[in-house]
Amino acid sequence: MPDNSSNVQQVTGIRETISDVEEELIIGRTEETQEIVATLCESITPENKTTILPIYGIGGIGKTTLAQLVFNDSRFTGYSRVWIHVSQNLDLNKIGNSIISQLSDESHVTSKQIISKKVKELFAGKKILIVLDDMWETNPRTLKELKAMLRPVVSSMVAVIVTTRDEAIAREICRAAEPYKLDTLTDKLCWKIIKQQTAFKDRSDKQQLKRVGKEIAAKCGGVALAAQSLGYTLKGKTSDEWESVRDNYIWNLSTSADPSSIDHEVLASLLLSYSRMPDWLKLCFSYCAVFPKGHNIAKHYLIHQWIALGFIEPSKMFDTMQLCEKYVTQLLGMSFLEYSKTFLVLILTQHTVAKKYYYKTK
Ligand SMILES: Nc1ncnc2c1ncn2[C@@H]1O[C@H](COP(=O)(O)OP(=O)(O)O)[C@@H](O)[C@H]1O
Ligand SMILES: [Mg+2]
């Protein structure tokens, strides 16, 4: 495999998430948002100045989205708010600096001691809401240090939301209270997501598609990401194609140790999205497996690689660059790539799927 390290932007914010959310595109989750906002507001009082609420659940279920909804809730308008994408490597200095830069004009502080002092100064007299999104850290000592950094000073109140896939991390970060387990969406809500993604209301064959669509939704296992990705795949497709997605053999493949698990459903739905891609798009996507897992990929670099490798068939309608832009948009639509607005880079979210096919398509 080629060494891409010099060509790939090495930015620490891997799968960077941000606090912005297009609320009108979010289906359901109103009750969950209200419940979390209420729990946070009730538990934070002048007597109890700090509260940590971990939210856990499997990947793609909507933890980040829920945290965004809470973060933007009107009841937190009086709070100073900080959004931190933690990801796989928890770096206390990075978290401290992120707090400092979001609460003040100051940018980079290097000494740990000064970071800690500065954070406390910035907390003083304020009500703070901090989201630590996508935590993977398991080391109790590091988690303890993190909590020490977030401890409020005399005149402040600090509410912290932590999202994680791992229940054990959720329990470790806050031993005092029960963490919030985010449940899967109902099949009905997954169907709503698919309808939204496919612009279902504008279709003339609604009656014909409804039953098949609902059956496909039920196969998403209540995972928003699966519904979103499949919905994108089904957009503009005929009812025959919808049926063939529903009846596809991939649903029955044993892709995980326990084929009845939700992980299986998610992977199957993503593999299905993959299997419906045109060949050239499959090639472009599976090529992304050459980048190390979680790496931030500079878009222009990826595009030039596709072109140099001859993946892009010339077309009469679009020039090569336009085609490449279209492919990137399609991969983003299926949630196979994510776009980090902060760093203008692409992140391959479905590394396992890409790798699975990399050697086959070459
Ligand atoms: N309730 C929802 N309605 C519509 N789309 C959703 C919903 N929840 C999540 N999504 C979408 O599904 C994808 C995965 O959600 P995300 O919050 O990133 O999951 P997680 O953080 O649990 O991995 C995102 O693209 C998000 O926009
Ligand atoms: Mg997330």
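**Exercise 1. Which residue in β4 does Ile128 stand opposite? Place the answer within the sheet.**

Step 1. Because this is a predicted model, local features need pLDDT of at least 70 and side-chain atom pairs count only at pLDDT 80 or more, whereas totals for chains, interfaces and linings use all residues. Residues are numbered from 1 along each chain as its sequence is written, chains are lettered from A and ligands numbered from 1 in the order in which they are written, and side-chain values use heavy atoms, with hydrogens and water left out.

Step 2. The residue opposite Ile128 is Val158 in β4, and Ile128 of β3 is also the bridge partner of Ser80. Strands here are DSSP runs of E with at least two residues, helices are runs of H or I with at least four, and both are numbered from the N terminus.

Step 3. Strands count as paired if DSSP finds at least two bridges between them. Six bridges join β3 to β4, and these two strands run parallel, while seven bridges join β2 to β3, again in parallel. A further bridge partner in β3 is Leu129, which is matched with Arg81.

Step 4. The open sheet has five strands in the order β2-β3-β4-β1-β5, with parallel pairing. Since β2 (80–87) and β5 each have a single partner strand, they stand at the edges, and one side of each is left without a neighbour in the sheet.

**Exercise 2. Describe the surroundings of Thr164, beginning with its burial.**

Step 1. Thr164 belongs to strand β4, which covers residues 157–164. Its relative accessible area is 0%, so Thr164 is buried; buried means under 20% relative accessible area, exposed over 50%, and partly exposed in between, with a 1.4 Å probe and protein chains only.

Step 2. A polar contact is a pair of N or O atoms within 3.5 Å; within protein, one must be able to donate a hydrogen and the other to accept it, and residues adjacent in sequence count only if both atoms are side-chain atoms. The side chain of Thr164 reaches the backbone oxygen of Met135 at 2.9 Å, and a polar atom of that side chain lies 3.0 Å from the backbone nitrogen of Asp166.

Step 3. With contact taken as heavy atoms within 4.5 Å, and residues up to four places away in sequence not counted, Thr164 touches Ile55, Tyr56, Gly57, Lys63, Met135, Ile169 and Ala170.

**Exercise 3. Which residues of α1 are buried, and what do they pack against?**

Step 1. The buried residues of α1 are Glu32, Thr33, Ile36, Val37 and Leu40. They cover an arc of only 130° around the axis, which puts them on the same side of α1; the arc is that of the directions from the helix axis to the C-beta atoms. On the other side of α1, the residues Thr30, Glu31 and Glu42 are exposed.

Step 2. The packing partners of the buried residues are β1 (50–56), α2 (63–71), β3 (127–135), β4 and β5 (180–181).

Step 3. Tyr180, a residue of strand β5, is in contact with residues that include Glu32 and Ile36, leaving aside its neighbours within four places in sequence. Tyr180 is itself buried, at a relative accessible area of 14%. The C-alpha atoms of Tyr180 and Tyr56 are separated by 6.3 Å, although these residues are 124 residues apart along the chain.
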